Amino acid sequence: MTAPVIASKTPLPVDVEAGKTYWWCTCGKSAKQPFCDGSHKGSEFAPLKYDADKTGKGWFCGCKHTAKAPLCDGSHKNLA
């Protein structure tokens, strides 16, 4: 699999609403980071569904290397 584009080397804070569905960009090419805008079309990437379980700030991964997708786990700190 091709490596995703690193959209940001910091987490992206987003106010999320409990019960709402969000589609996280996995390819890193979306202009609407951290969410999908369809830029992955024609690639092996697909957006990842995220259902918010509570209302508040969500820290979404911008580097696309998190092990806790779609939320940041600090993986950006180890990127060159």
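Biologist: Why is Cys-61 called buried in this predicted model?
Modeller: Its relative accessibility is 2%, and buried means under 20%, so Cys-61 counts as buried.

Biologist: What makes Cys-61 and Cys-63 fail as a disulfide?
Modeller: Their sulfurs are 3.7 Å apart. A disulfide needs the two sulfur atoms within 2.5 Å, so this pair is too far apart for a bond.

Biologist: How do you know that Cys-72 is in no disulfide?
Modeller: The cysteine sulfur nearest to that of Cys-72 belongs to Cys-61, 5.9 Å away. The limit is 2.5 Å. A search of the whole structure finds 0 disulfides.

Biologist: Why is Cys-72 called partly exposed?
Modeller: Its value is 24%, which falls between the 20% and 50% cut-offs.

Biologist: What makes Asp-15 and Lys-57 a salt bridge?
Modeller: Their closest N and O atoms are 3.1 Å apart, and the rule asks for within 4 Å. Asp-15 lies in strand E1 (residues 12–16) and Lys-57 in strand E4 (residues 56–60), so the pair ties together parts that are 42 residues apart in sequence.

Biologist: Why is Asp-15 called exposed, and Lys-57 partly exposed?
Modeller: Asp-15 has a relative accessible area of 59%, and exposed means over 50%. Lys-57 has 47%, which lies between 20% and 50%, so Lys-57 counts as partly exposed.

Biologist: How do you know that Lys-49 forms a salt bridge with Asp-51?
Modeller: The closest N and O atoms of Lys-49 and Asp-51 are 4.0 Å apart, and the pair is counted under the 4 Å rule. By this rule the count comes to 2 salt bridges.

Conventions. Residues are numbered from 1 along each chain as its sequence is written. This is a predicted model: local features need pLDDT of at least 70, side-chain atom pairs count only at pLDDT 80 or more; totals for chains, interfaces and linings use all residues. Side-chain values use heavy atoms; hydrogens and water are left out. Buried means under 20% relative accessible area, exposed over 50%, partly exposed in between (1.4 Å probe, protein chains only). A salt bridge is a side-chain nitrogen of Lys or Arg within 4 Å of a carboxyl oxygen of Asp or Glu. Helices (H or I, at least four residues) and strands (E, at least two) are DSSP runs, numbered from the N terminus.
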